[in-house]
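Visitor: I'd like a close look at one part of this thing rather than the full tour. Pick a spot to start from and walk me through what surrounds it.

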Amino acid sequence: MDTIKYIFIFVLFLWTTIGFSQEEETILWQESVVLHWENFKKKPPKSDRIAAITASGISYQFSAIENRSGEVTIDFEVNTFFYPNKSWYKPKICDRNILRHEQLHFDISELFARKMRKRLSKKNFTKRVKSEVNTIYKSILKELSNFQNLYDAETNFSRSKEKQLLWNRKIEEALKEVL
């Protein structure tokens with residue numbers, strides 16, 4: 001056979017504390033999709049002081065082909081998902097501003113999915129493609145986690161209306177820039 005074909009499929013999901021299976025109910029990120037409180041299906045904990053939790057993450061899959069000269073090319077797909085059964089809110093204390101804050105967590109996940117797509121499309125892969133893709137993924141996850149934490153800190157978890165508006169614009173512009 002003229003080409004040696006390696007197919008690696010990895011479906012990995014990010015959420016700050018736990019992983020999810022593919023059977024989990026998901027909402028695929030799309031520009032036209034806006035979250036509603038009805039999408040947050042998990043029962044909130046009684047003792048938690050947090051108003052809401054958005055479980056969102058990035059998944060990827062790829063296939064790699066090595067030609068005779070040893071060049072490796074990949075075909076990949078990177079998606080962003082929201083997990084309704086892992087997301088919750090407290091109706092008595094949540095409002096539109098908090099929902100917008102939670103939507104932005106989902107949008108930030110998409111921003112980093114786009115960054116991953118960009119890195120994968122620019123990378124020259126070797127026979128160690130599986131490791132190389134995984135390294136890119138881990139780097140994206142670390143950056144995403146740091147960015148989500150910065151977002152919460154700077155907006156004081158949506159309490160700072162002024163900072164929240166700044167972040168809304170910042171992410172809207174960033175999504176346009178990173179396609």
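**Around the strand 4 and strand 5 hairpin**

Guide: Let's start at Thr126, which sits in the loop between helix 1 and helix 2 (129-155). Bear in mind that this is a predicted model. Thr126 is partly exposed, since its relative accessible area is 36% and the partly exposed class runs between 20% and 50%. If you leave aside residues up to four places away in sequence, Thr126 touches Val72 and Glu132. There's also Thr73, 53 residues from Thr126 along the chain, with 8.6 Å between the two C-alpha atoms.

Val72 and Thr73 take us to our real subject, as strand 5 covers residues 72-82. Strand 5 pairs with strand 4 (residues 56-66) in the antiparallel sense, and the ladder has 11 bridges. The two make a hairpin with 5 residues between them. In that turn, look at Gly70: its phi is positive, at about 90 degrees.

Now follow the ladder. Ile58 has Thr80 of strand 5 as its bridge partner, and Tyr60 stands opposite Val78, also in strand 5. How much of strand 4 is buried? Mostly covered is the verdict, with 9 of its 11 residues buried. Tyr60 is one case: it counts as buried because its relative accessibility is 3%, against a cut-off of under 20%. Phe62 is buried too, with a relative accessible area of 3%.

Strand 5 has another neighbour. Strand 2 (27-28) pairs with strand 5 in the antiparallel sense, this time over 2 bridges. In that pairing, Ile27 has Phe82 as its bridge partner.

Phe82 is a handy signpost, as it leads off in two directions. One is Ser87, in the loop between strand 5 and strand 6 (88-89). Is Ser87 buried or exposed? It's buried, because its relative accessible area is 0%. Again skipping residues up to four places away in sequence, the contacts of Ser87 are Phe40, Lys41, Lys42, Ile53, Thr54, Ala55 and Phe82.

The other direction is aromatic. Phe82 belongs to a cluster linked by ring pairs, together with Trp37, Phe40, Tyr89 and Phe106. Overall, the count of aromatic pairs comes to 10. Take Trp37 and Tyr89: their ring centres are 4.3 Å apart and their planes meet at 20 degrees, so this pair is stacked. The pair ties distant parts of the chain together: Trp37 comes from the loop between strand 2 and strand 3 (52-53), Tyr89 from strand 6, and they are 52 residues apart. Trp37 is buried as well, because its relative accessible area is 14%.

Back on strand 4, what kind of aromatic pair do Tyr60 and Phe62 form? A stacked one, with 6.3 Å centre to centre and 20 degrees between the planes. Here's a bit of background: side chains in a regular strand alternate between the two faces of the sheet.

One last stop is the second largest pocket, which holds about 300 Å³ of space. It has 14 lining residues, and the closest to its centre are Trp29, Glu31, Asp107, Glu172 and Leu175. Helix 1 (96-122) and helix 3 (161-177) are the elements that each give two or more residues to this lining. By type, the lining divides into 6 nonpolar, 2 polar and 6 charged residues. Helix 1 also closes our loop, as Thr126 lies between helix 1 and helix 2.

Notes: Residues numbered from 1 in each chain as written. Predicted model: local features only at pLDDT ≥ 70, side-chain atom pairs only at ≥ 80, totals over all residues. Heavy atoms only, no water. 1 Å grid on protein atoms, 1.4 Å probe; cavity = no way out; pocket = protein on both sides within 12 Å on 5 of 7 lines; lining within 4 Å. Points joined across faces, edges and corners; volume = space filled by probe spheres on them. Helix = DSSP H or I, 4+ residues; strand = E, 2+ residues; numbered from the N terminus. Nonpolar A, V, L, I, M, F, W, Y, C, P; charged D, E, K, R; others polar. Buried < 20%, exposed > 50% of the residue type's maximum accessible area, 1.4 Å probe, protein only. Pairing = 2+ DSSP bridges. Contact = heavy atoms within 4.5 Å. Phe/Tyr/Trp six-rings, centres within 6.5 Å; stacked < 30°, edge-to-face > 60°.
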